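Ready for a few exercises? Have a look at the chain below, then work through the tasks at your own pace.

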Amino acid sequence: MADGILGYPFRRLFWSPGIYRDWSGSAALMDWIESPNSHIFKVNVPGFAKDDIKVQIEDGNVLHIRGEGAKEELPGKDAVRHVDERAVNRRGFSREIELPENVKVDQIKAQVENGVLTVVVPKDASPKPSRVRNVNITSKL
């Protein structure tokens with residue numbers, strides 16, 4: 001536990017851009033599970049068809065999950081809607097998650113089953129080049 005209590009992913013909450021850049025407040029609740037080989041995101045998407053959901057990578061490492069719901073039509077012109085609680089799910093949602101650096105964004109897989117979107121982001125086991133670059137110091141410029 002070299003990073004201490006504020007190790008990854010908590011360090012990112014305080015010292016770098018937020019993991020959740022945008023949250024619509026919708027009922028599309030999410031779980032983020034990390035396994036030794038991948039990051040797994042499970043998002044509640046009840047009532048959304050596969051074609052209504054878009055999963056994209058933006059800005060190099062931002063996972064953007066978006067659902068665009070259609071307005072449910074009333075059964076007839078004289079029908080009256082007395083309660084409209086399910087409309088929250090139909091209006092759509094948007095979630096943006098900043099992914100860690102050690103992932104293979106070109107191998108992401110997603111599927112929808114029983115109202116749950118599962119996005120699997122494989123980890124990259126190969127070491128990344130260091131962001132710190134040493135500069136040789138000389139006595140004269």
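**Exercise 1: aromatic pairs**

The structure holds two aromatic pairs. Rings of Phe, Tyr and Trp (its six-membered ring) count as a pair if their centres lie within 6.5 Å; planes under 30 degrees apart are stacked, over 60 edge-to-face, and the rest tilted.

Before you start, note that this is a predicted model: local features need pLDDT of at least 70, side-chain atom pairs count only at pLDDT 80 or more, and totals for chains, interfaces and linings use all residues. Residues are numbered from 1 along each chain as its sequence is written, and side-chain values use heavy atoms, with hydrogens and water left out.

*Task.* Describe the pair formed by Trp32 and Phe41, and say how covered each residue is.

*Solution.*
1. The centres of Trp32 and Phe41 are 4.9 Å apart and the planes make 40 degrees, so this pair is tilted.
2. For cover, use relative accessible area: buried means under 20%, exposed over 50%, partly exposed in between (1.4 Å probe, protein chains only).
3. Trp32 comes out as partly exposed because its relative accessibility is 26%.
4. Phe41 has 0%, so it counts as buried.

*Task.* Now do the pair of Phe48 and Phe93, and find which parts it ties together.

*Solution.*
1. Phe48 and Phe93 sit 5.3 Å centre to centre with 90 degrees between the planes: edge-to-face.
2. Phe48 is in the loop between S3 and strand S4 (53-58), while Phe93 is in strand S6, so the pair links parts 45 residues apart in sequence. (Strands are DSSP runs of E, at least two residues, numbered from the N terminus.)
3. Both rings are covered: Phe48 is buried at 11%, and Phe93 is buried at 5%.

**Exercise 2: strand S3 and its partners**

*Task.* Which strands pair with S3, and how many bridges are there?

*Solution.*
1. Strands pair if DSSP finds at least two bridges between them.
2. Strand S2 (residues 30-34) runs antiparallel to S3, joined by five bridges; Ile33, for one, has Ile40 as its bridge partner in S3.
3. Three residues lie between S2 and S3, which form a hairpin.
4. Strand S8 (residues 116-122) pairs with S3 over seven bridges, also antiparallel. Here Phe41 is matched with Val119 in S8.
5. S3 (residues 38-44) is mostly covered, with five of its seven residues buried.

**Exercise 3: a serine in S6**

*Task.* Is Ser94 buried or exposed, and what does its side chain contact?

*Solution.*
1. Ser94 lies in strand S6 (residues 93-98).
2. Its relative accessible area is 12%, so Ser94 is buried.
3. The Ser94 side chain makes a polar contact with the side chain of His64 at 2.8 Å. (That term means a pair of N or O atoms within 3.5 Å; within protein, one must be able to donate a hydrogen and the other to accept it, and residues adjacent in sequence count only if both atoms are side-chain atoms.)

Definitions and conventions. Helices (H or I, at least four residues) and strands (E, at least two) are DSSP runs, numbered from the N terminus.
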